[in-house]
Amino acid sequence: MKTLFLQAPSFDGFDGGAGSRYQAKREIKSFWYPTWLAQPAAMVPDSRVLDAPADEISVEESLKIAAEYDLVIIHTSTPSFPTDAKFAELLKQRKPEVMVGLVGAKVAVDPTGSLTASTAIDFVAREEFDYTCKEVAEGRPFESITGISYKLADGTVQHNPPRAMIENMDDLPFVAPIYKRDLTINNYFIGYLKHPYVSIYTGRGCRSKCTFCLWPQTVGGHRYRTRSAANVLAEAKWIKENMPEVRELMFDDDTFTDSSNMERVHDIARGLGAMGWTWSCNAKANVPHESLKIMKENGLRLLLVGYESGDDQILHNIKKGLRTDIARRFTEDCRKLGIQIHGTFILGLPGETKETIERTIQYAKEINPHTVQVSLAAPYPGTSLYKQAVENGWLKENEAVNLVNDKGVQLALIEYPHLSKQEIFHGVERFYRAFYFRPSKIWEIVKEMLTSWEMMKRRLREGVEFFRFLRAHEA
C-alpha cells in the first residue's frame, strides 16, 4: 500500500514529534527529528514521512497530502492524542477507504481506549512497531500480524500476541536517507545543539529504572540493545558525504554512555574523530574521567545530562541510580575537559517540598551546566510515576489525559498535601530566573554571542521566546 508516516498538525510550536520524550511547547521553539517514524519508513518502499508541525503545514494541506495515500500511520502521544484522533476523523470524511493506524507510547499502554476513542482508527501498533508497520503496508491480514490491536466487525477489540523485541539492531536500515529525502533539515532546532544538527539512535532501551521516564517503560524496554560501532560509523559517514550542511551529530539513545557499553562508545568516538565530526549525546552523570577524555579528544562537544534533582532522597525515590556527589564530580570532570553540559531538571517528583525545590535551584547554580531545561513531573500513563501518583492520591486516575493546556504548554498535574500544583508550576519560572539572571551566567552567554553573528542572532531570537515563556508562567 502507498504509505504515509505522519506527525499530524498540532499546537503552534508544539514539539510532539516521534523523537520527543516530553511532548510540549518548549521555552524556546525546538523540534526533535521524528526518528520513530523515519525508521519504519525506511523499510516501506515508496513511503513518505510528513512532519507537519516542523514544516508548519496546516491541517487542510496535511489532509490533502494524506488523502493521496492508502495507508496513513500517525505517531501520537498522550498530549496530542485528541487532535490526532480528530485529524483521523477528518481524513476518513475526505477519503473513507483510507486505512489509519496509530503508533507511539500512548497506544502501546492503552490500545483498547485508543481504538474505542474514535471510529476513524483502524488499528494501533504496540511495542516496537517498525516491522509491524512494514507488514501492514505489505497488505497482510491483520490476524497474521503480531503487535497490533484492531476492531472486529462486532465492535470488539482484538489484541494480537505481542511482537518480539528487535535483537539485531544492525538489521534496521539507516534513518538519515529518509531525513534527507522527506524532511527540511533546517527546520530542526535545538537550542543547545549546533544548527543544523541530525539526531539518530545507536540503540534502544535503557537499563536505568527511572520511574518517570517514558520510552523504556512503554516501547523500548529496559535492555539496552545496540548497533555495532561499525554500523553507527557507516551511517555517520553517509551523513558526512550526503548531508554536508550538518554541523553536529546527536546520539539520542536514552543513555548512550551506559556503563556496559563504554568500549563501543570509545570505538564510535575514535571513528567520529577520524571523520572530523562534532558530536553530542545523552549521558548519565557518572561517566568515568578516562572515558570523557577519549570522547572529548574525538569530537565530543556537549552532553545532555538528566540531573533531575539536587536532593538525594528524591533521586532515591525515583530510582535514578545516582547521587549528587557523584554528579558533582562528573560535572567538574567535564568542566576541566572543556565538555559543555545541557542539564535537565524536574520539579514535582515524589518527595518534593518547598525546601527541596530551593535546594535543587541552589545545586544547579553550584554545578553550573552551560544551559538548563526545567520540566514539571509528567505522569505519563504506563509509567511507574503515574501508578504511584494515582495510588497515593497525588493524581486522580485518568486526570493526566493531555498533560498540557490548550496551547500545548506543560501542566503541573501532581500535587502533595504540603505542596500545591500552583507552587510546583511557578517553581519552574523561579528556577529559570535564579539560574540565568546571574551576572556570571549573563556574561557567559554574552561572550558566546560575541563569537559570531550567527550565534548573536540565534541567542537573541531564543531570548525573546524565553521571556515570553517566563511571562506565561507568571500568569
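## Buried cysteines and salt bridges in a predicted model

Cys334 is buried, its relative accessible area being 0%. In this predicted model, Cys133 likewise counts as buried, at 1% relative accessibility. A search of the whole structure returns zero disulfides. For Cys334, the nearest cysteine sulfur belongs to Cys281 and lies 9.7 Å away. A disulfide requires two cysteine sulfur atoms within 2.5 Å, and Cys334 is in no disulfide.

The chain as a whole contains 19 helices and 17 strands. Of its 475 residues, 59% are buried. Among contacts with a separation of 6 or more, 71% involve residues 24 or more positions apart. The chain exposes about 18,700 Å², of which carbon and sulfur atoms supply 53%.

Ser114 illustrates the buried part of the chain. This serine belongs to helix 6, which spans residues 111-116, and its relative accessible area is 0%. Leaving aside residues up to four places away in sequence, Ser114 touches Phe81, Lys106, Val107, Ile121 and Val124.

Salt bridges number 27 in the whole structure. Three of them are set out below, with the distance between the nitrogen and oxygen atoms.

| Salt bridge | N to O distance | Separation in sequence |
|---|---|---|
| Asp122 and Lys92 | 2.8 Å | 30 residues |
| Arg223 and Glu167 | 2.7 Å | 56 residues |
| Asp258 and Arg207 | 3.0 Å | 51 residues |

In the pair of Asp122 and Lys92, the aspartate sits in the loop between helix 6 and strand 7, whereas Lys92 is part of helix 4, so the bridge ties together parts that are 30 residues apart in sequence. Asp122 is partly exposed, with a relative accessible area of 24%, while Lys92 is buried at 17%.

Both partners of the Arg223 and Glu167 bridge lie in loops: Arg223 between helix 9 and strand 12, and Glu167 between strand 9 and helix 8. Arg223 counts as partly exposed at 46% relative accessibility, and Glu167 as exposed at 52%.

The bridge of Asp258 and Arg207 also links distant parts of the chain, with Asp258 in the loop between strand 13 and helix 11 and Arg207 in the loop between strand 11 and helix 9. Here Asp258 is buried, at 7% relative accessibility, and Arg207 is partly exposed, at 40%.

Beyond these pairs, a network of salt bridges links Lys134, Glu135, Glu138, Arg140 and Arg163.

Conventions: Residues are numbered from 1 along each chain as its sequence is written. This is a predicted model: local features need pLDDT of at least 70, side-chain atom pairs count only at pLDDT 80 or more; totals for chains, interfaces and linings use all residues. Side-chain values use heavy atoms; hydrogens and water are left out. Helices (H or I, at least four residues) and strands (E, at least two) are DSSP runs, numbered from the N terminus. Buried means under 20% relative accessible area, exposed over 50%, partly exposed in between (1.4 Å probe, protein chains only). Contact means heavy atoms within 4.5 Å. Accessible areas come from the Shrake-Rupley method with a 1.4 Å probe; for residues, only the protein chains shown count as cover. A salt bridge is a side-chain nitrogen of Lys or Arg within 4 Å of a carboxyl oxygen of Asp or Glu.
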